[in-house]
Amino acid sequence: MPVAPAALDLLLLPTWLVPVEPAGVVLQDHALGVRDGHIAYLGPRDQAPPARETRELPDCLLTPGLVNAHGHAAMTLLRGLADDLPLMTWLEQHIWPAEQRWVDEAFVADGTDLAIAEQLKGGITCFADMYFYPAAACERIHASGARAQVAAPILDFPIPGASGPDQALSQAVELFDAYRHHPRLSIAFGPHAPYTVSDENLQNVQVLANQLDAPVQMHVHETAFEVQQALDQHQERPLARLARLGLLGPRFQAVHMTQVSDADLALLVEYNVSVVHCPESNLKLASGFCPVERLWQAGVNVAVGTDGAASNNDLDLLGETRTAALLAKAVAHSATALDAHRALRMATLNGARALGLAARIGSLEVGKAADLVAFDLSGLAQQPLYDPLSQLIYATGRDCVRHVWVEGRALLDDRRLCTLDETALIARTRAWGQRIAAADVA
């Protein structure tokens with residue numbers, strides 16, 4: 001006698017479902033079933049197995065959870081502190097002094113909680129974080145139920161929480177060992193940028209990353225000034241220097257890349273490097289334009305990130321993806337560049353691939369983790385609805401996020417955070433803001 005299949009833990013019945021893989025598909029009259037935190041069924045509604053809980057999601061589009069492939073989570077507490085300033089003025093006269101004065105474990109814990117809450121309410125189930133006191137960030141991410149890659153920052157000089165690069169590297173290795181088997185947390189090395197990390201320290205990162213098979217995330221070619229300064233001082237473009245030092249490879253995540261020469265593009269392709277595009281931060285700081293369509297057509301994996309809230313000023317990946325799609329068309333002088341389906345792929349599966357998580361998340365496929373987001377497309381701004389995915393990318397804001405699950409666990413239910421106290425969090429962050437604003441006299 002055949003054995004009946006085990007009941008699903010959760011069966012979701014959306015109006016539309018976009019699996020991302022295969023590409024370009026919008027499914028109707030389909031269901032998604034979850035068992036033990038993973039997708040166990042994806043198919044016609046009328047063939048779905050029984051489930052302990054069934055959720056009808058009328059007028060909702062179900063997609064993989066969004067992947068924010070670059071940010072500085074705790075910098076939410078510096079949101080709006082110093083707007084409309086050039087990059088180096090912003091850093092040297094406002095951000096770095098504020099960080100030196102205020103950043104400690106409590107700052108990082110509260111700032112990370114704020115970032116997690118904002119991102120969950122925007123449909124982000126996985127994010128990449130690069131900030132000080134990474135152990136404190138890991139504790140808050142673990143408690144929240146969200147998924148993240150935490151890159152331990154490394155610079156040539158002392159930073160909050162580390163007396164110098166040697167201690168920062170040691171802490172990164174300790175964190176990697178501590179979270180090696182964590183289901184939702186992965187640890188990366190985060191050398192800040194080519195102009196803040198010496199050859200010796202980059203080589204140390206390269207050796208340790210290879211030994212541990214760990215990712216490396218780094219700001220690279222963020223501005224034309226950075227590239228020209230490297231040429232003037234070392235007669236070598238930063239990306240070429242990283243290739244010479246052995247840093248480039250499929251685990252390397254190059255953030256920004258607004259300056260891409262033919263030689264740079266050849267290196268990105270040769271080493272299978274992922275690029276993380278942060279369009280709104282680049283626009284706000286006048287850093288330049290990443291040539292997304294050119295990279296995509298060359299075969300480079302391009303993900304999207306918000307960057308930190310101090311330079312964006314939000315952690316809205318859906319809005320970031322819309323900006324990325326529009327900017328890609330302008331830069332490429334083509335209305336067909338980065339269409340809606342590819343834009344969503346950039347914000348989901350491409351992000352997962354950049355973070356080394358494509359086997360686990362980024363698309364709706366049986367066996368993958370049930371990291372999901374349901375967008376409500378019933379509002380006035382989405383009508384009439386000819387193409388649900390076009391409406392998602394071009395006409396929908398993050399306020400339309402209705403439900404979020406990570407590994408099948410509800411972290412946002414009908415717009416209500418399930419693991420974070422929003423009222424208490426707002427009170428704590430307002431108190432931080434009052435103290436920081438009073439001290440920012442530059």
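Helices and strands here are DSSP runs, with at least four residues for a helix and at least two for a strand, numbered from the N terminus.

**View 1. Overall fold of the predicted model.** The chain contains 15 helices and 17 strands. Its radius of gyration is 21 Å, close to the 22 Å that the globule rule gives for 442 residues, so the chain is as compact as a globular protein of that length. The C-alpha trace spans about 70 × 50 × 45 Å along its principal axes.

**View 2. Interior and contacts of the chain.** Of the 442 residues, 58% are buried. Among contacts with a separation of 6 or more, 72% are between residues 24 or more positions apart.

**View 3. Surface and charged side chains.** About 17,200 Å² of the chain is exposed, and carbon and sulfur atoms supply 52% of that area. There are 51 negative and 32 positive side chains, and the centres of these two sets are 4 Å apart.

**View 4. Setting of S363 in the chain.** S363 sits in the loop that runs between helix 13 (349-354) and strand 14 (372-376). The relative accessible area of S363 is 2%; because buried means under 20%, S363 counts as buried.

**View 5. Polar contacts and neighbours of S363.** The side chain of S363 forms a polar contact of 2.5 Å with the side chain of E365. Another polar contact, of 2.7 Å, links the side chains of S363 and K368. Leaving aside residues up to four places away in sequence, S363 touches P19, V20, E21, I39, P64, L349 and K368. K368 is thus both a polar partner of S363 and one of the residues that S363 touches.

How values were computed
Residues are numbered from 1 along each chain as its sequence is written. This is a predicted model: local features need pLDDT of at least 70, side-chain atom pairs count only at pLDDT 80 or more; totals for chains, interfaces and linings use all residues. Side-chain values use heavy atoms; hydrogens and water are left out. The radius of gyration is taken over C-alpha atoms; the globule rule is 2.2 Å times the number of residues to the power 0.38. Buried means under 20% relative accessible area, exposed over 50%, partly exposed in between (1.4 Å probe, protein chains only). Contact means heavy atoms within 4.5 Å. Accessible areas come from the Shrake-Rupley method with a 1.4 Å probe; for residues, only the protein chains shown count as cover. Lys and Arg count as positive and Asp and Glu as negative; His and the chain ends are not counted. The place of a charge is taken as NZ of Lys, CZ of Arg, CG of Asp or CD of Glu. A polar contact is a pair of N or O atoms within 3.5 Å; within protein, one must be able to donate a hydrogen and the other to accept it, and residues adjacent in sequence count only if both atoms are side-chain atoms.
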